[in-house]
Amino acid sequence: MRFEQLLHETIDEMTGELRGPGAGLAARSIAKGRSIRRTRRLAVAGGAVMATVVIALPWLVLPRADHAAPVLPGTSTTPTTGTTNELPGGWVVTRVGSSVLDRATGEYVTMSGQVSPAPAGNRVLVVDGPGSVRLVDVRGTHPVTVDTTGFVGDFNWSSAGDRLVGGITQKDPDRVGFAVIDAETGAVRRHWIDHGRYDCSQCTFTWTRDGGAVVLPIADRSGGEAAELVDSLQSFDATTGEPGGSLMVTAMPAGPLSWSPGGRYVVAGPPTPGAAEGWRLYDITTGQSADFPAPAVWVSADLLLATRDGKVLTLTPDGTVTATMQVSGAGRATIGLGPPG
Amino acid sequence: MMTPEEAEFSVFVEQRAHALLKTAYALTGDRHAAEDLVQSALAKAFARWRRIDEPEPYLRRMIYNEFASGWRSRRRQAEVTVAEPPERAGTRYVDADTALRLLLRDALQALPPRQRAVLILRYFEDLSVEETAAVLSCRQGTVASQASRGLAKLRELVPQLEWSEVGGRH
């Protein structure tokens, strides 16, 4: 007998023998529900007092440097007509929200849908519904559609902007793996992994800086199934899918450019997307790590960049913020950074 | 004297609580734990009853989500045991299919709650990975991982089953 059929029969049999709920369920639920309402009202009242304090405080505690932060030359309050925002090392702001840099002209183009521009090159991933995604040039030319059936989670760009990687799963038979998508042609190459051997919690793959491999956080189950802790990173050859080495990093890398140019260090962080806290800088040769203030990208061996609240931060490898630059008009929109070229 | 809101809620409970209890029972494998889970969900639903457009899907989602995210019955000891003896076939003769169902029933109870919830949503409710992740408020990769781990465990516990023929939509 097949599993799915047996599961149906088993659950039908279990629930078929179940009598209805006992008397008074509605009354007990109403009484408890009223209690929850009272607790919520009290919490809201307390929250209003706290909000007054929080709103007042930023004006008192913000350092002067932030108020006097230099405005980036060339930034625009109307991103659709802005020009390239140059950063240290010739890096650029590749996006501000849905406004994406056209590297050919240096202008920003407002795109529709949920967009994710490549850190290099001119390709943009556009997610406008379930079941498929589009890859287009910034101006909307050369579109290709990719069927995303079986893909799970986010798509992550390679540092060169020529490929994406995404997690995949299959029900028949049950399998887990990753797929590499060619950004120009949309061609998909699937690689299944031995999930029993390479046990992952979130099964999210990210690139190494050189694009030769992808890495998968291997689960640490010591805290239970729900903890989703990371034991190490396992690399896989991006072309063949063959497993490579294991790296002493106990968190998910922030992205391909979060690896240092030599590949010795990586900024990795919390499992929650967009989390501001909990990032660390790992030395993969020793496994040691230290707190790091943001999910940064490495410009050179001694300089990193990160974004926060509409600003671009310049950092040293010890996490010191040496400069803060405002991106005009960014507000709280997502800012993307990319290397020159 | 009930308010109109309480009267509407009571009618809903009278009509749909049994179906919700079945869902909770499939998850917990224990009647008392299932009743606790349903009552907990109903109480939370009543607290915001006026803002809920479709109560049954809302409650079903809440039951799955609460169960998978570490909900514990007030009578937790009952939850970790297998189904109650009076409801079981016991030691009398059972045919092969019945034996398999009993094996699977016990095997499901041996899984951690989130794995159990994922397998029931994926293979009983026939939800996609995306839909399952939405119900359980977790990442799609987590669904894939938990399904894989849960099936691996069931393969160990119920080796008599034709595992190669697991099927369905992505």
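The paragraphs below walk through a predicted model, from the make-up of chain A to its contacts with chain B and the core.

In chain A, the secondary structure amounts to 4 helices and 24 strands. Of the 341 residues in this chain, 40% are buried. Among contacts in chain A with a separation of 6 or more, 42% are between residues 24 or more positions apart.

A good place to begin with the strands is the hairpin formed by β6(A) and β7(A), which has 6 residues between its two strands. Strand β6 (residues 132–137) of chain A pairs with strand β7 (residues 144–147) of chain A in the antiparallel sense, and 4 bridges connect them. Within this pairing, A:Val144 of β7(A) stands opposite A:Leu135. The turn contains A:Gly140, whose phi is positive, at about 90 degrees.

Further along chain A, 4 strands make an open sheet with antiparallel pairing, in the order β12-β13-β14-β15. The edges are taken by β12 (206–207) and β15 (243–247) of chain A; each has a single partner strand, so one side of each is left without a neighbour in the sheet. At the β12(A) edge, 2 bridges link this strand to β13 (residues 213–220) of chain A, and the two run antiparallel. Here A:Trp207 has A:Val214 of β13(A) as its bridge partner. Strands of a sheet pair through backbone hydrogen bonds, either parallel or antiparallel.

One residue of this sheet can be followed in more detail. A:Ser232 sits in strand β14 (residues 229–237) of chain A. With 18 other C-beta atoms within 10 Å, A:Ser232 is partly exposed, because a residue counts as buried only from 20 such atoms and as exposed at 12 or fewer. Not counting residues up to four places away in sequence, A:Ser232 touches A:Ile218, A:Ser246, A:Leu247, A:Met248, A:Val249 and A:Thr250. A:Leu216 is 16 residues from A:Ser232 in sequence, and their C-alpha atoms are 8.4 Å apart in space.

Turning to the interface, 50 residues of chain A are in contact with 53 residues of chain B. On the chain A side, two or more residues come from each of α1 (3–16), α2 (25–56), β8 (151–157), β9 (163–171) and β10 (174–182). Of these elements, α1(A) supplies the largest share, 11 residues. By residue class, the chain A side holds 19 nonpolar, 18 polar and 13 charged residues.

The largest nonpolar core has 128 residues, and those with the most contacts inside it are A:Ala296, A:Leu305, B:Ala24, B:Val38, B:Ile63 and B:Ala117. The element that gives the most to this core is helix α1 (residues 4–28) of chain B, with 10 residues. Leaving aside neighbours within four places in sequence, B:Val38 is in contact with A:Pro21 from chain A, and with B:Ala17, B:Leu20, B:Leu21, B:Ala24 and B:Ile63 from chain B. In soluble globular proteins, nonpolar side chains tend to be buried together.

A last look goes to helix α5 (residues 96–109) of chain B. At 1.5 Å a residue, its 14 residues should span 20 Å, and the end C-alpha atoms are indeed 20 Å apart. The buried residues of α5(B) are B:Arg101, B:Leu104, B:Arg105, B:Ala107 and B:Leu108. Viewed down the helix axis, these buried residues fall within an arc of 165 degrees, so they line one face of α5(B). Their cover includes α1 of chain A, along with α6 (113–124) and α8 (140–157) of chain B.

How values were computed
Residues numbered from 1 in each chain as written. Chains lettered and ligands numbered in written order. Predicted model: local features only at pLDDT ≥ 70, side-chain atom pairs only at ≥ 80, totals over all residues. Pairing = 2+ DSSP bridges. Contact = placed C-beta atoms within 7 Å. Nonpolar A, V, L, I, M, F, W, Y, C, P; charged D, E, K, R; others polar. Core = buried A, V, L, I, M, F, W, Y, C linked by C-beta atoms within 7 Å. Expected span 1.5 Å × (residues − 1). Arc of directions from axis to C-beta.
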